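User: Could you take a close look at one part of this model for me, the nonpolar core and the contacts and charge pairs around it? I'd like one connected walk-through rather than a list.

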Amino acid sequence: MGKRERKRLVLAFLAETRLALPPKALFRNLRLQENATFSEKSLNNYLAELEADGFVKRVDPGAIEERTIREVDADERGYYLITGDGVEEAHRHDSDFNAT
């Protein structure tokens, strides 16, 4: 599985679950649920790229407790949440995942 497929796997998982997750929890669930074989460092790189592409955003976990979504600044920690564009991108490649 190449980098593109790994990023698609991350996006598909986030689209399926629609959860806001911290990177470590996302990594562990990808390993458990999707048998992901890439490293946590690789996941962090994929998330940064997906964020730059507008497919995921980092949100404030404290705001989630108040039932709101607030994006965090680049220097703040946050949970990753798929965007509408990310959902569309994941669905665009659904057939790719089902074929493998």
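Analyst: Here is a walk through the core, the helices that build it and the charged pairs beside it. Keep in mind that this is a predicted model, and everything below is computed from its atoms.

Let's start with the core itself. The largest nonpolar core takes in 22 residues, and those with the most contacts inside it are Val 10, Leu 11, Leu 26, Leu 30, Phe 38 and Leu 43. As for where the core residues come from, α1 (3-17), α2 (23-34), α3 (40-52), β2 (79-82) and α5 (84-92) each give two or more. Helix α1 has the largest share, with six residues. The general background is familiar: in soluble globular proteins, nonpolar side chains tend to be buried together.

Now for the way α1 sits against α2. Their axes are 11 Å apart, and the packing angle is about 95°. Since 65 to 115 degrees counts as roughly perpendicular, that is the label α1 and α2 get. On the α1 side of the contact you'll find Leu 9, Val 10, Phe 13 and Leu 14. Facing them from α2 are Leu 26, Asn 29, Leu 30, Gln 33 and Glu 34. Val 10, Leu 26 and Leu 30 also turned up among the core residues with the most contacts, so the helix-helix contact and the core share those three residues.

Phe 38 is a good place to zoom in. With a relative accessible area of 3%, Phe 38 is buried, because the cut-off for that class is under 20%. Leaving out residues up to four places away in sequence, Phe 38 touches Arg 6, Leu 9, Val 10, Phe 27, Leu 30, Arg 31, Leu 43 and Tyr 46. Leu 9 and Val 10 belong to the α1 side of the helix contact just described, and Leu 30 belongs to the α2 side. Arg 6 and Arg 31 are in that list of neighbours too, so the surroundings of Phe 38 include arginines as well as nonpolar residues.

One of those neighbours deserves a second look. The structure holds one aromatic pair, and it is made by Phe 38 and Tyr 46. The ring centres are 5.4 Å apart and the planes meet at 75°, so the pair is edge-to-face. Tyr 46 is buried as well, at 5% relative accessibility.

Tyr 46 also leads us to the charged part of the picture, through Lys 7. Lys 7 is found in helix α1, and if you set aside neighbours within four places in sequence, Lys 7 is in contact with Tyr 46, Glu 49, Leu 50 and Asp 53. Despite its charge, Lys 7 counts as buried, at 17% relative accessibility. That value falls in the buried class because the cut-off is under 20%.

The contact with Glu 49 is a salt bridge: the closest N and O atoms of Lys 7 and Glu 49 are 2.9 Å apart. This pair links distant parts of the chain, with Lys 7 in helix α1 and Glu 49 in helix α3, 42 residues apart. Glu 49 also forms a salt bridge with Lys 3, again with the closest N and O atoms 2.9 Å apart. Lys 3 lies in helix α1 and Glu 49 in helix α3, so this pair ties together parts that are 46 residues apart in sequence. On the accessibility side, Glu 49 is partly exposed at 26%, and Lys 3 is partly exposed at 44%.

How many salt bridges does the structure hold? There are seven. Another of them joins Glu 51 to Arg 58, with the closest N and O atoms 3.4 Å apart. Glu 51 is partly exposed at 28% relative accessibility, whereas Arg 58 is buried at 9%. Going back to the earlier pairs, salt bridges that share partners join Lys 3, Lys 7 and Glu 49 into one network.

To finish, a stop at helix α5, which is among the elements giving two or more residues to the core. Val 87 is in α5 and counts as buried, at 12% relative accessibility. Not counting residues up to four places away in sequence, Val 87 touches Arg 18 and Ile 82. The C-alpha atoms of Val 87 and Arg 18 are separated by 9.1 Å, although the two residues are 69 residues apart along the chain.

Conventions
Residues are numbered from 1 along each chain as its sequence is written. This is a predicted model: local features need pLDDT of at least 70, side-chain atom pairs count only at pLDDT 80 or more; totals for chains, interfaces and linings use all residues. Side-chain values use heavy atoms; hydrogens and water are left out. A nonpolar core is a set of buried Ala, Val, Leu, Ile, Met, Phe, Trp, Tyr and Cys residues joined through side-chain atoms within 4.5 Å. Buried means under 20% relative accessible area, exposed over 50%, partly exposed in between (1.4 Å probe, protein chains only). Helices (H or I, at least four residues) and strands (E, at least two) are DSSP runs, numbered from the N terminus. Contact means heavy atoms within 4.5 Å. A salt bridge is a side-chain nitrogen of Lys or Arg within 4 Å of a carboxyl oxygen of Asp or Glu. Rings of Phe, Tyr and Trp (its six-membered ring) pair if their centres lie within 6.5 Å; planes under 30 degrees apart count as stacked, over 60 as edge-to-face and the rest as tilted. Axes are lines fitted to C-alpha atoms, for helices over the stretch in contact, and angles run from 0 to 180 degrees between N-to-C directions. Angles under 35 degrees count as roughly parallel, over 145 as roughly antiparallel, 65 to 115 as roughly perpendicular and the rest as oblique.
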